[in-house]
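Okay, thanks for having me, everyone. Let me put the structure up and then walk you through how a few of its helices pack.

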Amino acid sequence: MDPVHLNWMNEAMTMAEEALTAGEVPVGCVFVREGKIIAKARNRTNELRNATRHAELEAIDSIFADKTLTPEMTAYPLEDTTLYVTVEPCIMCASALRQLGIKEVFYGCANDRFGGCGSVLGVNEQLNHPTHPHYRATGGYYRDEAIMILRRFYITENTNAPVPKTKTNRVLKTEIRAESPRS
Ligand SMILES: [Zn+2]
């Protein structure tokens with residue numbers, strides 16, 4: 001794997017670690033433009049009590065709020081921007097990324113329940129759209145690390161959940177199944 005992509009994904013993992021520390025589902029991301037990180041973010045759904053505050057949308061909001069990064073809104077404001085995110089974008093985020101013309105996406109592990117880049121729905125390129133350009137999404141960058149940090153989160157009690165669940169007698173699984181390549 002290209003060390004350049006691994007380097008950016010490592011930055012995204014750092015954001016996922018921050019999410020875990022904050023009691024959020026540990027997903028982190030960075031957006032890269034012209035070889036520089038222009039935004040980094042993590043999940044804030046628990047903190048904001050808002051299920052749409054995924055890492056990707058948090059970062060996109062900060063890019064659009066910054067006038068040096070987004071002097072004016074164009075049809076495809078992310079066409080020169082690449083996303084690195086620890087988990088495959090969900091259907092909501094995958095669609096937003098397509099509507100905003102993201103250049104390309106790299107992710108860590110698949111999102112079997114909500115994935116919008118092929119796992120549940122191929123919003124990024126398999127589905128046709130009359131106007132919005134498709135984008136390539138490639139998984140497998142720090143996949144095992146992305147899975148393990150999710151497990152570390154789900155094994156502990158989620159005290160921010162509306163109805164806290166006590167999860168006793170849970171053992172952290174460290175075995176990771178191989179996955180068929182997805183791109
Ligand atoms: Zn999402």
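**Around α4, then over to α1**

Let's start just past helix α4: the residue to look at there is Gly101, which follows α4 and has a positive phi, near 75°. Before I go on, keep in mind that this is a predicted model.

Now α4 itself. Which of its residues are buried? Cys93, Ala94, Ala96, Leu97 and Arg98 are. And yes, that list has an arginine in it, Arg98. As for what sits over those buried residues, the cover includes helix α3 along with two strands, β3 (81–87) and β4 (104–109).

Let's take the α3 side of that. Helix α3 runs over residues 55–65 and α4 over residues 91–99, and their axes are 9 Å apart at an angle of about 30°. An angle under 35 degrees counts as roughly parallel, so that's what we call α3 and α4. Who's touching whom? From α3 you get Glu56, Leu57 and Ile60, and from α4 it's Cys93, Ala96 and Leu97. Sort those by class and you have 5 nonpolar, no polar and 1 charged.

Okay, second pair. Helix α1, residues 3–21, packs with helix α5, residues 143–155, at about 5°, and here the axes are 10 Å apart. That angle makes α1 roughly parallel to α5. On the α1 side, the contact uses Met13, Ala16, Glu17 and Leu20, and these meet Glu145, Ile149, Arg152 and Phe153 of α5. The class count for this contact is 5 nonpolar, no polar and 3 charged.

That's my tour; happy to take questions.

Methods:
Residues numbered from 1 in each chain as written. Predicted model: local features only at pLDDT ≥ 70, side-chain atom pairs only at ≥ 80, totals over all residues. Axes fitted to C-alpha atoms, helices over the stretch in contact; angles between N-to-C directions. Helix = DSSP H or I, 4+ residues; strand = E, 2+ residues; numbered from the N terminus. Parallel < 35°, antiparallel > 145°, perpendicular 65-115°, else oblique. Contact = placed C-beta atoms within 7 Å. Nonpolar A, V, L, I, M, F, W, Y, C, P; charged D, E, K, R; others polar. Buried ≥ 20, exposed ≤ 12 C-beta atoms within 10 Å, placed from the backbone.
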